[in-house]
Amino acid sequence: GQRLPHPPGRLPIVGDVRGLDPRRAFQTFVEDAAQLGPLSACKIFGQQFVFATTAELCAELCDERRFEKGFTPAVIALRDYGGDGLFTAYRHEPNWPLAHDLLVPAFAKTSMERYHEVFLQVTRELLDWWGATEGPVVVGKGMTKLTMESITRAAFSRDFGSFESEQTHPFVHAMVAALRAGQQQGTLSAAPLGRLAIARLKRKNAHHLAYSERLVDDVVSTRRKEGGDQEDLLGIMLEERHPETGEALDDTAIRNQILTFLVAGHETTSGALSFTLHYLLQHREVLARAQAETDEILGADPDAEPTFEQVPKFRYLRRCLDEALRMWPTVPGFARTPKQEVTLSTGHRMRPGDWALIMLPLVHRDPVAWGEDADQFDPDRFLPERSRGRMKHSYKPFGTGERSCIGRQFALHEAVLVLARLLHAYDLEPDPDYQLRIEERLTLLPEDLTVRLKRRVPVA
Ligand code: MNH
C-alpha cells in the first residue's frame, strides 16, 4: 500500500505535536487533515491517528460488508466508564447483541409517545427557569440541564432536580471529569512513561468514577426495592428476557448501559440544540420562517404545547436542526476498521485492527457532495427534492450501520419539540459581538453562546 501523508515537521518521539492545542485538538486535526488529502495520518507520542476526509472515502468505509465500527484509543479509554455498554462494546462481546435487541424497541419511533410528556415537562421547566432570568441566558448550561433531565426521567423515571439549582448537577461534573481523564489516557497510551501517567490519572479520577457508579447503583437498587412496573428503559432492562435466548442483562451490564445512556444521551443533544440556536441567531430570515411555522402549527397561544403527532410537522425546524448537525456534527467523527485486509480506492492498505476516523466536519462540507456553497448554512438543502440526488453516505451525524446511534429518534423528537416551544414563546436576540468558537469536550459545543429572550406574540 501507499504511505500516508502526515503534517510537515514531524519530531522524534513526540511526533506531530507542533501547533497542537490540546483544548482544540480535534479542530487542529481537521485543519491539518484538510490539507493532506482523502486519507492522512498524524502521530502523537507513537500513537498513529488516521483521518478520512472526503465523502467518497466515507461512503467506502461505510460499506458494512467490508468494514465495521473501529476502536480509537479515545473510545477504548471510555470503556473504563461504559464497559461493555452499547457504545463501547466490542462486536464479539455477548452483551452487545443482547442489549441491542432488548433496547431497540424502546428507542423506536413509536416508543417516543411514552417520552413525549417527559420532553414537554422538562421544556416547561427550562422555559420557566430562563423566563425568570434577568438579561441574557447561557444556552449550553440550560440545554444541558434539559437534556440531562429528559434522559434520567425517560430512562429510569428519576428527577435529578437540575432546575432546582443554579449549579450544574454534581453528577455532570463527575462525568465530565471522568471522561476528560479518559480522553487524556487515550492520547498517552503509546507515550514513553505513558503507562505511569495513565496510572496516575486513573488514581486521581477514581473518586469521580466511584461517585457515578454509586449513584447509578442507587437508582437500580431503589427500583428493585420499590418495584413498580414502569415501562422505562430501566424497567425493560430489569424485566425483559431476550425473545430467542431468554437471556437477561445482569447488574453490571445494566450499570454500564445506564452510564452509557447518560454520557451518549445528553451532551450530544444539548450541543445540537445549541448549534441550531446559534445559526438561527445568525440568520434572522431563517428564524422568522421557523417562527412562522410554529405559529401555523401551534396558533395564537405562545405557551401552546405540541402534541405527539404535531412534532414531525415542524418540517422547517427539522431542516434547521439537520443543517446545524451538518455544519457542526456534535459527534464529529467515528472510526471504521476492515473485517479483512483491504486496499482502499486511495491505494492504501488496511488490516483488521487498523482504523480510520471519519472526519465529519470535512465530509459534511465536501463540495463534491454538497456543492461549492457547502460552507453556507442553508436549511433548504434538506428539502426532499434537493436531497434526492445527494451522494450516498455524505451525511452521517448519527454514525452508520448496525452500530449507528440508537438514540436518534429520541434526540430528534426532543430537539424539535424544545425548539418549537422556545421559538414560539420567545423572540431571540443575539449577543451582537458573539463569534462562534467551538468547545471540545467529549463532543463539540458552541462555547459561551448566550441569547436574550423576549416574550413574543404569535402571528396567527
Ligand atoms: Mn448517539 C451511537 C451521535 C444522541 C445513545 N451516537 C452514536 C454514534 C454517533 C452518535 C455518531 C456512533 C458512534 C460510533 O460509530 O462509534 N447520538 C449522536 C448524536 C446525538 C445522539 C449526534 C444527538 C444529537 N445517542 C443519543 C441519545 C442517546 C444515544 C439521545 C440515548 C438516549 N448513541 C447512543 C448509543 C450508541 C450511540 C447507545 C451506541 C450504539 C451501538 O453501538 O449499539
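How many of the 6 residues of strand β5 are buried? I looked this up first in the model, which is predicted. The strand spans residues 333-338, and 5 of its 6 residues are buried, so I record β5 as mostly covered, taking 20 or more other C-beta atoms within 10 Å as the cut-off.

**Entry: partners of β5**

I then looked up the strands that pair with β5. Strand β3, residues 67-69, runs antiparallel to β5 and is joined to it by 3 bridges. Within that pairing I noted Phe67, whose bridge partner in β5 is Pro338. Strand β8, residues 356-359, is also antiparallel to β5, with 4 bridges between the two. Here I noted Gly333, whose bridge partner in β8 is Met359.

**Entry: the sheet with β4, β12 and β9**

I traced an open sheet of 3 strands and wrote down its order as β4-β12-β9, with antiparallel pairing. Its edge strands are β4 (137-138) and β9 (426-430), each of which pairs on one side only. I checked the contact of β4 with β12, residues 450-455, and found an antiparallel pairing over 2 bridges. In that pairing, Val137 stands opposite Val451 of β12.

**Entry: helix α5**

I looked up the length of α5, residues 112-131. The helix has 20 residues and reaches 27 Å from its first C-alpha to its last, close to the 28 Å expected at 1.5 Å a residue. I listed its buried residues as Met112, Tyr115, Phe119, Val122, Thr123, Leu126 and Trp130. These residues lie on the same side of α5, because they cover an arc of only 110° around the axis. On the other side of α5, I found Asp128 and Gly131 exposed.

Against which elements do the buried residues of α5 pack? I recorded β4, α6 (139-156), α16 and β12. Two of these, β4 and β12, I had already entered as strands of the open sheet.

**Entry: helix α16**

I turned next to α16, against which buried residues of α5 pack. It has 18 residues and reaches 26 Å between its first and last C-alpha atoms, close to the 26 Å expected at 1.5 Å a residue. I noted α16 as mostly covered, with 16 of its 18 residues buried. The helix spans 408-425 and supplies at least two residues of the shell around the ligand.

**Entry: the shell around the ligand**

I looked up the surroundings of the ligand and found 25 residues, the closest being Gly265, Phe334, Gly399, Cys405 and Gly407. Which helix gives the largest share of this shell? I entered α10, which supplies 7 residues. This helix spans 251-282. By class, I recorded the shell as 14 nonpolar, 9 polar and 2 charged residues.

**Entry: Pro38**

Last, I examined Pro38, which is found in the loop between α1 (25-35) and β1 (39-44). Is Pro38 buried or exposed? I entered Pro38 as buried, because 22 other C-beta atoms lie within 10 Å. Leaving out residues up to four places away in sequence, I listed its contacts as Ala52, Thr53, Thr54, Leu57 and Thr346. I also looked up its separation from Val363, which is 325 residues apart from Pro38 along the chain; their C-alpha atoms are separated by 9.8 Å.

Note on methods: Residues numbered from 1 in each chain as written. Predicted model: local features only at pLDDT ≥ 70, side-chain atom pairs only at ≥ 80, totals over all residues. Pairing = 2+ DSSP bridges. Near = placed C-beta within 6 Å. Nonpolar A, V, L, I, M, F, W, Y, C, P; charged D, E, K, R; others polar. Expected span 1.5 Å × (residues − 1). Buried ≥ 20, exposed ≤ 12 C-beta atoms within 10 Å, placed from the backbone. Arc of directions from axis to C-beta. Contact = placed C-beta atoms within 7 Å.
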